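Opening the notebook on this one. I want to go through the cores, the contact between chains and the helices in turn.

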Amino acid sequence: MSLLEMSHIKKSFDGVEVLKDISLKVEEGEVLAIIGPSGSGKSTLLRCATDLETPDGGDIHYEGKFGLVFQNFNLFPHFSVLKNITDAPLKVQKREKEEVLREARALLKKMGLEDKENAYPYQLSGGQQQRVSIARALAMNPKILFFDEPTSALDPELTGEILKVIKDLAAEQMTMVIVTHEMNFAKNVADHIIFMDKGIIEEQGTPEEVFGSDNARMKGFLGKLATDK
Amino acid sequence: MNISIAAMLGQLSGGMIGTIGIFFATLLFSLPLGLLVAFGRMSKIKIIQWIAKIYISIMRGTPLMLQLMVVYFGPYYIFGIQISASYRLGAVLIAFAINYAAYFAEIYRGGIESMPTGQYEAARLLGYNKGQTFFRIIFPQVIKRIMPSVTNEVITLVKDTSLAFSIAYAEMFTTAKQIASSQTSIIPLVSAGIFYYLFNLLVAVTMELLEKKLDYYK
């Protein structure tokens, strides 16, 4: 079953076409990684998928709720860690307090933050903040979890802890769409990869297919990454 | 007839109550009204935005003393309505509330506009409605951001209450001036000065405590 189906999505900003006729599907339990150079439109695609931007054309169809993990976490600084996670389930979903608290504490444990529930976001490292924001999104029981470059704002040594969390979620069959710069990670964790460039999907398929592709742009992109390192 | 210093201070204490009353009543009305004006100023509806803009511009662009007189004498000059002495306090409160609301509106607006869009986006993704987003997520953070500017305004307010003398409302300054001229003594004015200073000291300390209380997050 497709949890997300986007067809013929178009989006322009000030006359510049950022997305040109993009179509994609996300199946239940699937991990989709979207890669591509800066300015390729991958973040705009994610913003359209999560309803933060309205496409100029095309259709989006969802099954169930979705959550989003931001590049800059966007935690609520005036809420404690626990309240960041429980406030929306309590105030928006109006769920029962005990159940919400139990679930939130279980999520914190899963994120290795069980001793941080009373801390405030500013007291946490970037990696810890990002794990709280993943827990916050998960507490809403989303069908799909979107990630917008979840490690880009982190120091390299903190990147690994986030990637591990995402990998664990993938092992639990969480449906995820991840916009990322981490090529090795995309290769390891994704079932399906989309390579975007200049607003179109240049290449897509399994990691083997995409990384083994003969597509000139894809090769150029991977080659450039290799020389950057 | 000369009266004792104790009697002077006794008379002054009546004015003191007037000043304290104006101070708290002004805050009580102007803080919520200012938020409403700020909403108007940021409204997507152009006409509302302009009304708020013009309102703020007039309130900040003309002397408060003149506004007091317009509010107090206006009903008589414009409509020929006989004004009673009991309207004095009403006029003082209306003039102060609408004047301070304009200043607070701009402070609120600055605070609200300084909030990063990420906070709105995170709230939206979590399903908060507009009211919840504003009052649970945005406004509490705005309060922390605007505390220093609000403190400034509140300190100015303490001193501005003395402008009520312009329509002869018997607050601290009016009373002090009257006693000073009837007794040809500087003591009432010095006492009034000490009173304003101590009042403001208290305000500053209280605001600092409030700011500290909001220091639990960054």
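Before looking for a core I fixed the term: a nonpolar core here is a set of buried Ala, Val, Leu, Ile, Met, Phe, Trp, Tyr and Cys residues joined through C-beta atoms within 7 Å. I also kept in mind that this is a predicted model.

**Cores**

I pulled up the largest nonpolar core and got 69 residues. The members that touch the most other members are A:A33, A:I34, A:A135, A:I144, A:F146 and A:V177. I picked A:I144 from that group and asked which residues it touches, leaving out those up to four places away in sequence. My list reads A:L3, A:L4, A:V26, A:F66, A:T175, A:M176 and A:V177. Then I found a second, separate core of 43 residues, with B:M8, B:F96, B:M172 and B:F195 among them.

**Chain A overall**

I counted eight helices and nine strands in chain A. The radius of gyration came out at 18 Å, close to the 17 Å that the globule rule gives for 229 residues, so chain A is as compact as a globular protein of that length. Along the principal axes, I get a C-alpha trace spanning about 55 × 40 × 35 Å. Of the 229 residues, 43% count as buried. I also checked contacts between residues at least 6 apart in sequence, and 67% of them join residues at least 24 apart.

**Where A meets B**

How many residues of each chain are in contact with the other? I find 16 residues of chain A in contact with 16 of chain B. On the chain A side, β5 (66-69) and α2 (81-91) each supply at least two residues. Sorting that side by class, I have 10 nonpolar, five polar and one charged residues.

**Chain B and its helices**

I went to UniProt for chain B, where an unreviewed entry lists residues 20-40, 61-79, 85-105 and 186-207 under "transmembrane region". I took the end C-alpha atoms of two of these spans. For residues 61-79 of chain B they lie 25 Å apart, and the span is 89% helix and 0% strand. For residues 186-207 of chain B I get 32 Å, with 95% helix and 0% strand.

Last I looked at helix α4 of chain B, residues 87-113. At 1.5 Å a residue its 27 residues should span 39 Å, and the end C-alpha atoms are 38 Å apart, which agrees. Is this helix enclosed or open? I count 19 of the 27 residues of α4(B) as buried, so it is largely enclosed by the rest of the structure.

Technical notes
Residues are numbered from 1 along each chain as its sequence is written. Chains are lettered from A and ligands numbered from 1 in the order in which they are written. This is a predicted model: local features need pLDDT of at least 70, side-chain atom pairs count only at pLDDT 80 or more; totals for chains, interfaces and linings use all residues. A residue is buried if 20 or more other C-beta atoms lie within 10 Å of its own, exposed if 12 or fewer, and partly exposed in between; C-beta atoms are placed from the backbone. Two residues are in contact if their C-beta atoms, placed from the backbone, lie within 7 Å. UniProt positions are given in the numbering used here, feature names are shortened, and annotations may be inferred rather than shown by experiment. Helices (H or I, at least four residues) and strands (E, at least two) are DSSP runs, numbered from the N terminus. Ala, Val, Leu, Ile, Met, Phe, Trp, Tyr, Cys and Pro count as nonpolar, Asp, Glu, Lys and Arg as charged, and the others, Gly among them, as polar. The radius of gyration is taken over C-alpha atoms; the globule rule is 2.2 Å times the number of residues to the power 0.38. The expected span of a helix is 1.5 Å times one less than its number of residues.
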